[in-house]
Amino acid sequence: MIATTSPATSQNKFEKFKAEKDGLAVKDELERFAQMGWEAVDKTDLEHRLKWLGIFYRPVTPGKFMLRLRIPNGILTSEQMQTLAEIVQRYGEDGSADITTRQNLQLRGLRLEDMPDIFQRLKAVGMTSVQSGMDNVRNITGSPVAGIDGDELIDTRELVKNVQDMITNSGEGNPAFTNLPRKFNIAIEGGRDNSVHAEINDIAFVPAYKDGELGFNVVVGGFFSAKRCEAAIPLNAWVPPNDEVVDLCRAILTVYRDNGLRANRQKARLMWLIDEWGLDKFRSEVEAELGRELKTAAEKDEIDWDKRDRIGVYKQLQPGLNYVGLHVPVGRFTADNLFELARLAEVYGESEIRLTVEQNAIIPHIPDDKLAAFLAEPLLEQFSIDPSPLTRSLVSCTGAQYCGFALVETKQRALAIARELDSELNLAHRVRIHWTGCPNSCGQPQVADIGLMGTKVRKDGKTVEGVDLYMGGKVGKDAHLGTCVRKGIPCDELPEVLRDILINDFGATPKH
Ligand code: SRM
Ligand code: SF4
């Protein structure tokens with residue numbers, strides 16, 4: 001099935017170039033692009049269509065590309081991580097990898113001429129980066145402790161994989177879903193703590209009992225954009241934890257693809273269609289596409305915990321085994337870090353590594369008798385199991401180092417300020433600070449206790465980097481979005497402003 005675009009929408013630049021040539025078409029041209037060099041590649045192919053393969057031209061570092069992978073449920077093997085390490089290692093200081101806020105990895109510093117070889121290497125270890133950017137479904141998130149947590153309700157791993165395989169044709173690329181009106185996010189929660197931030201996804205599945213059977217209530221339409229942020233709303237639907245999850249995703253995506261608003265990209269996310277139609281019509285159209293009636297939602301869902309960050313040592317569901325959550329400062333890895341993590345997972349665990357939406361890593365399946373030796377490994381000095389409270393819960397988007405939209409540098413600044421405040425203040429509990437470099441909100445400031453969104457500020461007659469301050473984001477049970485409470489704080493004044501907030505609103509006390 002090929003996506004359709006109505007003539008009325010063809011004025012929009014993005015709709016126009018998608019109608020002229022589908023983004024996925026560059027798959028067959030990659031070899032040619034690699035040979036001709038990035039400077040000679042057509043501008044639209046270079047800056048836009050390559051994102052259908054996960055390849056991002058970075059205007060901040062021309063010629064050094066970012067590759068956004070897909071890591072379903074955030075789970076990868078040591079072999080896969082080692083392959084990623086080898087890929088970025090070739091690029092010396094330019095090569096690195098970031099854990100993203102969608103439990104995913106982005107590789108940095110890559111050259112276009114190497115992409116065909118890189119794609120072969122990824123395929124050889126069962127990985128893909130297809131359809132990870134632009135008007136496609138992003139990495140599908142699931143519970144990071146799926147299958148290993150004693151309190152789990154539903155194991156999300158296979159469901160997430162099946163949804164990804166449906167959308168991407170098992171990683172080969174699927175033209176049925178390469179021309180959505182806009183990006184699209186899907187999450188499947190299997191635990192009680194809303195680990196995936198269900199409320200900020202276009203579709204999210206949350207565990208719920210219906211007539212004694214465990215399945216999912218479905219929420220739809222959550223999204224952030226520069227113009228509008230909305231929490232997802234109930235679809236009033238319940239599905240069992242099987243292929244019906246895949247079928248429902250397919251039906252919603254099809255309805256969205258064929259009816260989503262395309263004229264204005266600021267009004268093209270799923271929620272805008274739900275607004276236009278009303279939820280009842282949207283639900284009926286989904287049922288019509290599905291070819292059956294949806295069961296109504298269960299009365300309540302099972303999200304009744306505060307959110308866990310999974311950092312530290314935890315007993316697994318499987319007796320005698322442990323999972324260990326490592327804090328990865330602002331999610332950044334060097335090639336050496338990747339090699340070392342792959343090795344540790346192989347030596348101490350079962351060659352498996354997991355990622356979280358808080359940009360941290362988990363190594364599961366470590367037997368009791370290997371735990372002490374694991375915890376003594378030098379890498380754990382860098383990736384601590386007991387970081388200080390502010391650093392521990394810090395999340396940051398990419399920011400000005402690589403992102404052309406950024407209004408401020410984020411990751412290094414975020415880390416420096418968190419460490420400074422950690423050294424000055426005692427905090428009885430964690431405070432989640434999220435940084436995002438611009439209003440696109442990739443760093444999710446609206447879910448944070450304290451959210452910081454990059455902006456430009458006038459100070460002493462000069463334009464300087466600053467932030468708008470968000471507060472009140474609640475995650476886990478009864479999640480709701482925080483709002484902007486103060487605008488235009490120059491970054492150099494931020495440590496002082498945050499210190500006051502932490503003392504007055506979060507019970508921090510000075511250390512000295
Ligand atoms: Fe994002 C665009 C990075 C999660 C909302 N996002 C971008 C681009 C691709 C812009 C660009 O071309 O430079 C950024 C790439 C910078 C780079 O070099 O890394 C970018 N977004 C990220 C990541 C890497 C932030 C991070 O450091 O973790 C996250 C990658 C996730 C992934 O693995 O796919 C990332 N982006 C998000 C999230 C959070 C989430 O999904 O929970 C959001 C808000 C939720 C949402 O989408 O509803 C988000 N990104 C955006 C938007 C605003 C979308 C909109 O509807 O207007 C843009 C701009 C756009 O799409 O036009 C954007
Ligand atoms: Fe770039 Fe803005 Fe997203 Fe940060 S929030 S990664 S600066 S688009």
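This is a chat about one predicted model, covering its iron site, strands, pockets and cysteines.

Colleague: What should I know before I start?

Modeller: The model is predicted: local features need pLDDT of at least 70, side-chain atom pairs count only at pLDDT 80 or more, and totals for chains, interfaces and linings use all residues. Residues are numbered from 1 along each chain as its sequence is written, chains are lettered from A and ligands numbered from 1 in the order in which they are written, and side-chain values use heavy atoms, with hydrogens and water left out.

Colleague: Which protein donor does the iron atom of ligand 1 have?

Modeller: Cys442, through SG, at 2.3 Å. That is the only protein donor. Donors here are N, O and S atoms within 2.8 Å of the metal (3.2 Å for Na, K and Ca); water is not among the atoms, so sites may look incomplete.

Colleague: And where does Cys442 lie?

Modeller: In the loop between strand S20 (433–436) and strand S21 (450–459). Helices (H or I, at least four residues) and strands (E, at least two) are DSSP runs, numbered from the N terminus.

Colleague: How do S20 and S21 pair, parallel or antiparallel?

Modeller: Parallel, over four bridges. Two strands pair if DSSP finds at least two bridges between them. Thr436 stands opposite Met453 in S21.

Colleague: What is the order of the open sheet of five strands?

Modeller: S18-S20-S21-S22-S23, with mixed pairing. Strand S18 (395–396) and strand S23 (483–490) are at the edges. Each has a single partner strand, so one side of each has no neighbour in the sheet.

Colleague: Back to cysteines. How many disulfides are there in the whole structure?

Modeller: Zero. The test is a pair of cysteine sulfur atoms within 2.5 Å.

Colleague: Cys403 and Cys438, then. How does each count, buried or exposed?

Modeller: Cys438 is buried, at 10% relative accessibility. Cys403 is partly exposed, at 21%. Buried means under 20% relative accessible area, exposed over 50%, and partly exposed in between (1.4 Å probe, protein chains only).

Colleague: New topic. How many residues of strand S14 are buried?

Modeller: Six of the six, in residues 321–326, so S14 is largely enclosed by the rest of the structure. Both faces are covered. Leu321, Tyr323 and Gly325 are buried on one side, and Asn322, Val324 and Leu326 on the other.

Colleague: Which strands pair with S14?

Modeller: Strand S13 (residues 312–315) pairs with S14 in the antiparallel sense over four bridges. Val313 stands opposite Val324 there. Strand S17 (residues 361–367) also runs antiparallel to S14, joined by five bridges. Leu321 stands opposite Pro367 in S17.

Colleague: What links S13 and S14?

Modeller: They form a hairpin with five residues between them. Gly320 in the turn has a positive phi of about 85°.

Colleague: Which residues have a positive phi without being glycine?

Modeller: Asp211 is one of them, at about 50°. Asn236 is another, with phi near 55°. Most residues other than glycine have a negative phi.

Colleague: Where are those two?

Modeller: Asp211 is in the loop between strand S8 (203–210) and strand S9 (213–220), and counts as exposed at 78% relative accessibility. Asn236 is in strand S12 (residues 233–239), and is partly exposed at 34%.

Colleague: Pockets next. What volume has the second largest pocket?

Modeller: About 770 Å³. Of its 31 lining residues, Leu122, Gly126, Met127, Thr128 and Gly171 are the closest to its centre. On a 1 Å grid over the protein atoms alone, a pocket is an open set of points with protein on both sides within 12 Å along at least five of seven lines; a cavity is a set where a 1.4 Å probe fits but cannot get out; lining residues have an atom within 4 Å of a point. Grid points are joined across faces, edges and corners, and a volume is the space filled by probe spheres set on the points.

Colleague: Which element gives the largest share of that lining?

Modeller: H5, with five residues of the lining of the second largest pocket.

Colleague: And how many cavities of 30 Å³ or more are there?

Modeller: Three. The largest cavity has a volume of about 50 Å³. Its lining includes Ser143, Asp149, Glu189 and Arg310.
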